Amino acid sequence: MKRIRYISILFLIAASSYAQQNSQYNQYIFNELVINPAYAGTKEIINANAIISKQWAGLDGSPTTQSIGIEGPFTNKVGLGIHVVNDKIGAQSQQSIFGSYSYKLQVNAKYKLALGLAVGASNFSIDGTKLTTTTQDDPAVPKTLENKILLDAKTGLFFYSDRFYAGFSVADLLANVFKNQPYYVDQVRHYYLTSGYVFDVLPKLKFKPSFLFKHAYKSPSNIDLNAFFLYNQKFWLGCTYRFGSMFLVNESLTNSLKKRDALVIMTEYNVNDKFRIGYAYTITTSVLKNYMSHELSLGYFIPGKTPIKKMNNIRYF
C-alpha cells in the first residue's frame, strides 16, 4: 500500500510537469475514432470496438485503460459515434463519454473528406486515502475521494480513399475554460496528425506504413512510426516505434521526459467478416524498461444494409 501511495504522488508530479494527459492507445491504427471524431462513419458500416490496456505491468499505480466505442453511418453523408473511456493512474481516475458527429464530402471520384466534432463530459476523481505527504494537512492534497465533472469537445478532419488516409484532430478544446480546479491538474489541448497508405506487395500480401505525430502544449512531442503487413485479408502483423521528438519541445523539460522511446509489436486477426481480435505488446526502452505493457482489442462489424464484401477498406484503417 505504501508503494501505491508513493507512486501515486510520483504520477501527480509528472502530470504537474505537463506530461501528455490523454489515454495512450496502440491499436488506433485499426480504429481512429479514439483520436479523431471525423472517423465516425467512414467505414460505411456499424463498427463496435473495445480496448483493454495495461501500461508498465507490475508497477504499482501504473495506468490502466478500458474503452468501448461504436460508430457508423447515419446517412450517406453523416456519421455518428460514441466513445466511453475509463482511465486510472495511481490515485487518479477519469471516466469520459463523447458523442461524435461527422459530415462527409465527396472531393472527387476517389477521395472523401470527413469533418468531425465530438462533445462530452469527463468525471475526474482523486482518492485522497491513497496519498501520503511529507507535510501534514497539506491543503493541496485531498483527504477523501474528490470528484469533478467537466464538459469538453474534440474536432477533426479525415481525408481518405480505399488505400490512403490522412487525419488531423484536436482534443480538449475547452482546456482553457476550466482552469484552476482544486486538486486537479489543468487539462491542455492535444493535437494529432496521422497518415498512412496500403500497398500491394504480392497477390495475398499488403504493406501498410503509417505515422502519428502527437503533441500537447508544454510537453514533449511524440512520433509513432508504424509498419504492418496484411496476409490474405485476414492476419495483420507489424510494429510501432514510438519516440520523443525535438520538434516543439519545451526546453525546460528534463532529458528523461524528452526520451520516451518504446517498441510495440502488434497483431490483429480477422476471425471472419464480422469479428476481429488484436493484441499489442510494448517494450519500453527508457527509464521504465523493466515493465512491459499489454493491450487487447476486440471488434465487431454489425451487419446492416451495406454488404461487408463491398467495403474495400474495411480491414485497412
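**Entry 1: strands S5 and S6.** I started at Ile126, which stands opposite Glu146 in S6. A reminder to myself before going on: this is a predicted model. I then looked up how S5 and strand S6 (residues 145–160) run, and found them antiparallel, joined by 16 bridges.

**Entry 2: strands S4 and S5.** Next I turned to strand S4 (residues 92–106), which pairs with S5 in the antiparallel sense over 15 bridges. The link between S4 and S5 is a hairpin of five residues. I picked out one pair here: Ile97 has Ala121 in S5 as its bridge partner.

**Entry 3: His83.** I was curious about a histidine, so I went to His83 and found it in strand S3 (residues 78–89). Is His83 buried or exposed? I noted a relative accessible area of 5% for His83, and since buried means under 20%, His83 is buried. Leaving aside residues up to four places away in sequence, I listed what His83 touches: Tyr25, Val34, Ser67, Ile68, Gly69, Ser96, Ile97 and Phe98. Ile97 was familiar to me from the Ala121 pair.

**Entry 4: salt bridges.** How many salt bridges does the structure hold? I got four. As a friendly reminder, side chains of opposite charge can pair when their charged atoms come close.

I took Glu44 and Lys112 to begin with; they form a salt bridge whose closest N and O atoms are 2.7 Å apart. This pair links distant parts of the chain, 68 residues apart: Glu44 sits in the loop between helix H1 (2–16) and strand S1 (46–54), and Lys112 in strand S5 (residues 112–127). I put Glu44 down as partly exposed, at 25% relative accessibility.

**Entry 5: Arg242 and Asp224.** I moved on to the salt bridge between Arg242 and Asp224, with 2.8 Å between the closest N and O atoms. Why does this pair tie together separate parts of the chain? Arg242 lies in strand S12 (residues 235–245) and Asp224 in strand S11 (residues 221–231), so the parts it ties together are 18 residues apart in sequence. I checked burial for both partners: Arg242 counts as buried at 7% relative accessibility, and Asp224 counts as buried at 3%.

**Entry 6: a network.** I also found that salt bridges with shared partners join Arg163, Asp200 and Lys206 into one network. Within it, I looked up Asp200 and Lys206, whose closest N and O atoms are 2.6 Å apart. Lys206 is buried, and I wrote down a relative accessible area of 11% for it.

How values were computed:
Residues numbered from 1 in each chain as written. Predicted model: local features only at pLDDT ≥ 70, side-chain atom pairs only at ≥ 80, totals over all residues. Heavy atoms only, no water. Salt bridge = Lys/Arg side-chain N within 4 Å of Asp/Glu carboxyl O. Helix = DSSP H or I, 4+ residues; strand = E, 2+ residues; numbered from the N terminus. Buried < 20%, exposed > 50% of the residue type's maximum accessible area, 1.4 Å probe, protein only. Contact = heavy atoms within 4.5 Å. Pairing = 2+ DSSP bridges.
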